[in-house]
Amino acid sequence: MTIPRTDAQGAPAVAELGEWQRALRAQFPIITAHPELAYLDSAATAQKPQAVLDAVHAYLTTTNANAGRGTYPWANRTTELVERARDRVKRFLDDPAPERSTVHFTSGTTEGLRTVARDWLPGLLADGDEIVVPVADHEANIAPWLETRQHLARQGVHIRVRPMPYQRASGDYDHVALAELAGPRTRFVAVSHVHHVYGGDMNIHRIRRAVGPDTVICLDAAQSVGHLPVSVADPDVDFLVFSGHKAMALPGTGAVWARQARGPGFTPGGWSGTPNTVGIASLAAALDWLDAAGTDRIERWTVALAARFTEGLRHLDAYEILGCQSSLAAGSSVQRRQGIVTFRHHGIDSGDLGFILFSHGFMIRSDQHCQGSAGERTGSVRVSLHVHNTAEEVDRLLTVLATLG
Ligand code: PLP
């Protein structure tokens, strides 16, 4: 199948960044060891570059100890490593006032959001207050907030959960409806930065404008950290939560960044036990690697590949692409699609399509993607791209999909 290449399909970015990308791809041992396979599931978890594997090996063979407890050199070095990693997260997030923010390490976004919901949100809310919950987002960004409502209700504090409207046509939250539903009792809004199914950049600036300056915004950045430049300097969010393992660190890592501006200070409750020191070491190394690679270039690369893939898929009648179609066009008024493209075959079940595609060497996600109650009713297949993916992989996938038409 020949697909015409135009600017809107990212061809210039693919040509311009090709050499840079080849050098980075060569740094992923699991990728280079399997040239016959294409890993297209980075939204689930990301592969690790050699620098991260080296940092893990170095930590475990020279330093490994518990943090914040012993006084001997390995223990001291581990304690310092954890503290430096907090600063590294702040620098990575372009934190303009690091002395006024905190970083709490977690096992991932799910635990991070639940920590905010369990240990902080109840202190903000009074009887009759309202919170806004994005019901077509990942379940991890829905369930914790509903649990807070239940928990408060048991104490006689009744809060109202307002579902965040989502517009399939624009691939974005419905900002007009949000502006109408956000009122004086709206204290808290949970949002995602990049949608894990539709791939849209959810335009957090517009969320802040819609809800005004006094409402707390908690950003689920699971699909943006590591994929594009993320700055807490602007937009003005209060919490940013992400998964380290989706940003090239080890599984079981993640963080909550909290600005201490609105509401009570964020202090995760209870005794938290031994931190995941090797995971934290891997996270610091991953953030170093991502900064050196350039998250702006990673974004251009993955957006270009997503555009190439979407454009090719659009020509195949057997498939429906979920989310906004026009968000890839230059100058589009809606937010652009990042490196996530989710689609369905009109006649082949998504699970079966997953098996078929793996028989051709493609690793993709197929099911309902842990989407909340207002999400898609039937399964679909998700292709999620990272810097090691190539235009050749995308073209090969399109060729296979064309044969299934
Ligand atoms: N939020 C979003 C948008 C996600 O895509 C995911 C995972 O896919 C999560 C939260 C949960 O992340 P984790 O499983 O690392 O806790």
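1. Two strands pair if DSSP finds at least two bridges between them. Strands (E, at least two residues) and helices (H or I, at least four) are DSSP runs numbered from the N terminus.

2. This is a predicted model, in which local features need pLDDT of at least 70, side-chain atom pairs count only at pLDDT 80 or more, and totals for chains, interfaces and linings use all residues. Residues are numbered from 1 along each chain as its sequence is written, and side-chain values use heavy atoms, leaving out hydrogens and water.

3. Strand β10 spans residues 254-259, and 6 of its 6 residues are buried (under 20% relative accessible area, 1.4 Å probe, protein chains only). G254, V256 and A258 point one way, while A255, W257 and R259 point the other way.

4. β10 pairs in the antiparallel sense with β2 (residues 101-106) over 6 bridges and with β9 (residues 239-243), also antiparallel, over 5 bridges. G254 is the bridge partner of T106 and stands opposite S243.

5. Helices α1 (residues 11-25) and α11 (residues 295-314) have axes that come within 10 Å and cross at roughly 130 degrees (lines fitted to C-alpha atoms over the stretch in contact, with angles from 0 to 180 degrees between N-to-C directions). α1 is therefore oblique to α11 (neither under 35, nor over 145, nor 65 to 115 degrees).

6. Contact here means heavy atoms within 4.5 Å. A13, V14, E16, L17, G18, W20 and Q21 in α1 meet R297, I298, R300, W301, A304, L305 and R308 in α11.

Terms used. Buried means under 20% relative accessible area, exposed over 50%, partly exposed in between (1.4 Å probe, protein chains only).
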